[in-house]
Each structure stands twice: as structure tokens, then as C-alpha cells.
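Visitor: I should like to learn how to read a structure of this kind. May we go through it feature by feature?

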Amino acid sequence: MNIAVLVSGGGTNLQAIIDRIEDGSLSDVYISVVISSSSDAYAIERAQKHGISVVSIVKKNFSTANDFDRAIMDTLAKYGTEFIVLAGYLSLLGHCVVEQYKNRIINIHPSLIPSFCGAGMYGIRPHEAALQRGVKVSGATVHIVDSAYDEGPIILQKAIDIAPNDTPQTLQKRIMNECEQVILPKAIQLFAHNRIKVDGRVARIIDV
Ligand code: GRF
């Protein structure tokens, strides 16, 4: 399955996908292009180290949202994209992209959706909110992307216990390492092997 990975920052989730492909535990998947919303994201360096094509498509460089969306669509088509993975991507995909790739776009979110998600809930903020609410577990969610932030059908989730001395930073690091980087490659594998069936708002893992 030909995938495009969309990034904005450090690229730790991109790195996890690359590593799983290279160690063979993620099969039948090929990263044809990494699209970055920032021209100086460290994720770009990670891709280039592994010979993966990189295209920076930066929203502020386009006069209209339509031009931005068109640039993304043209790049996805140029690289033969079959499936899109948002890995730390901070821009909202245009409606045309979501429609064209219906049920073939996933995102990794650093909380157990529906808690601590939605517009503005990214980076350290979900972890700050979890600690402020006093929840005893948190984690990460892989979900299908539709036209609203973090609303699509849930594919996989992984939870960890919150430690009494956790700070937003220690919690974020543990969730990235123990949750995000585990379930994102697993979710991609499920799609590559046609094991996800979407019924309305619910996604099910099926045996093939
Ligand atoms: C991660 O917490 C991810 O869940 C969120 O963006 C953060 C940075 O991810 N979507 P990465 O290091 O750029 O992959």
C-alpha cells in the first residue's frame, strides 16, 4: 500500500513507521512521500535520511485555502498515494482531500478520544488537560479523519496509567513512546491488509 505521511514537527511517529517497515514488522506498506506543513520540521531530516521524497507545502505561501488544498491533492496524485497518515500534522485537511480519500486517512491523537480532543487540543495541551482533570489513565488514539478535528471512527487506542508525579512533559513522552509509536504502525498494517470495516461512526477490525 502506497502511503503519504503528513508531518509538521519532530517526526517521532514518522520515525516509528520507517523503523517498523525496515525491521519487517510493518509489511506491504511503502512511504512514497512525506508532506510537511513546515519547511524546517525535523521530520524532514528523518525522511531524507531514509531516502524518502519530501515536499513542503506551507499554508501561508498560498493566497487561498483552495490553492493550498490543490497543491496537496496534486502532490498526493503525483506520488500515487493510496492512503494518508497524519503524523503530528497540524493543519486541517481540506474537504476535497477528505472526500477524495474517504476512510483512507488516519490521524494519531495523544489522548483517549473523546477525552481531551478537538480544535486547539494538540501538542502538550491534551496532557495538561488530563492532569488538570485528574484522570488516572490516558493514552493515544488512531482514528479515521473526516472534516472535523478528531471526530472520525476510532481504529485503535492504547492506555497507560498516569503516575502521581507525572508532569505534562513526562506524560507526553511516555504516551509517545509507549502508545503512539505502537498503535500507529499497527493501524497502518490493518488497513494495508484490508482488515478495517467502517459502519457509520464505528470502525471494526475484521479477520480476512
Ligand atoms: C505527537 O504527540 C502526536 O500525537 C501529535 O503530534 C505530536 C508530535 O508528533 N499528533 P511527531 O513527533 O511530530 O510525530
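Visitor: Which residues surround the ligand?

Guide: Please keep in mind that this is a predicted model. The ligand is surrounded by Gly9, Gly10, Gly11, Thr12, Asn13, Ala87, Gly88, Ile108, Pro110, Met176 and Glu180.

Visitor: Which polar backbone atoms lie 2.9 Å from an oxygen atom of the ligand?

Guide: One belongs to glycine 11, at 2.9 Å from a ligand oxygen. Asparagine 13 also has a polar backbone atom 2.9 Å from an oxygen atom of the ligand. In addition, a nitrogen atom of the ligand is 3.2 Å from a polar backbone atom of isoleucine 108. Taken alone, the ligand exposes 370 Å², of which the protein buries 89%.

Visitor: Asparagine 13 is also part of a helix. Which residues of helix H1 are buried?

Guide: A general idea helps in reading any helix. An α-helix has 3.6 residues a turn, so residues three or four places apart point the same way. In helix H1, which spans residues 12-22, the buried residues are Asn13, Leu14, Gln15, Ala16, Ile17 and Ile18.

Visitor: What covers the buried residues of H1?

Guide: The cover includes strands S1, S2 (30-36), S4 (83-86) and S5, together with helices H2 (42-49) and H6. Just after H1, glycine 24 takes a positive phi of about 85°.

Visitor: Let us turn to the strands. How many bridges join strand S5 to S6?

Guide: Strand S5 covers residues 105-109, and four bridges join it to S6, the two running antiparallel. Within this pairing, histidine 109 has threonine 141 of S6 as its bridge partner. S6 also pairs with strand S7 (residues 154-161) in the antiparallel sense, over seven bridges. There, glycine 139 stands opposite alanine 159 in S7.

Visitor: Is strand S6 mostly covered or mostly uncovered?

Guide: Strand S6, residues 137-144, is mostly covered, for seven of its eight residues are buried.

Visitor: How should I read the interior, and which residues touch the most other members of the largest nonpolar core?

Guide: In soluble globular proteins, nonpolar side chains tend to be buried together. Here the largest nonpolar core has 42 residues, and Val5, Ile106 and Ile155 touch the most other members. Helix H6 (residues 168-192) gives the most to this core, with ten residues. A second, separate core of 19 residues includes Leu6, Phe68, Leu93 and Tyr101.

Visitor: With which residues is isoleucine 106 in contact, leaving aside its neighbours within four places in sequence?

Guide: Its contacts are Phe83, Ile84, Val85, Leu86, Val142, His143, Ile144, Val145, Leu184, Ala187, Ile188 and Phe191.

Visitor: Are asparagine 2 and lysine 78 buried or exposed?

Guide: The reading rests on relative accessible area: buried means under 20%, and exposed means over 50%. Asparagine 2 counts as buried because its relative accessibility is 12%. Lysine 78 has 66% relative accessibility and therefore counts as exposed. Asparagine 2 lies in strand S1 (residues 2-7), whereas lysine 78 lies in helix H3 (residues 65-78).

Visitor: With which side chain does the side chain of asparagine 2 make a polar contact?

Guide: The partner is the side chain of serine 32, at 2.6 Å. Beyond residues up to four places away in sequence, asparagine 2 touches Tyr30, Ser32, Tyr79, Gly80, Thr81, Glu82 and Phe83. Serine 32 is also a reference point for lysine 78: their C-alpha atoms are separated by 9.8 Å, although the two are 46 residues apart along the chain.

Visitor: Finally, how does one read the backbone angles, and which peptide bond is cis?

Guide: Most residues other than glycine have a negative phi, and most peptide bonds are trans. In this model, the peptide bond from isoleucine 113 to proline 114 is cis, with omega near 15°. Proline 114 is placed in the loop between S5 and helix H5 (125-133). Phenylalanine 116 lies in the loop between S5 and H5 and has a positive phi of about 55°, although it is not a glycine.

Visitor: Where is asparagine 194 found?

Guide: Asparagine 194 is found in the loop between H6 and strand S8 (196-199). Its phi is near 55°, a positive value in a residue other than glycine. Asparagine 194 counts as exposed, at 58% relative accessibility, whereas phenylalanine 116 is buried, with a relative accessible area of 18%.

Conventions. Residues numbered from 1 in each chain as written. Predicted model: local features only at pLDDT ≥ 70, side-chain atom pairs only at ≥ 80, totals over all residues. Heavy atoms only, no water. Buried < 20%, exposed > 50% of the residue type's maximum accessible area, 1.4 Å probe, protein only. Pairing = 2+ DSSP bridges. Core = buried A, V, L, I, M, F, W, Y, C linked by side-chain atoms within 4.5 Å. Contact = heavy atoms within 4.5 Å. Near = heavy atom within 4 Å. Polar contact = N/O pair within 3.5 Å; in protein donor to acceptor, adjacent residues only side chain to side chain. Areas by Shrake-Rupley, 256 points an atom, 1.4 Å probe, with all protein chains shown as cover.
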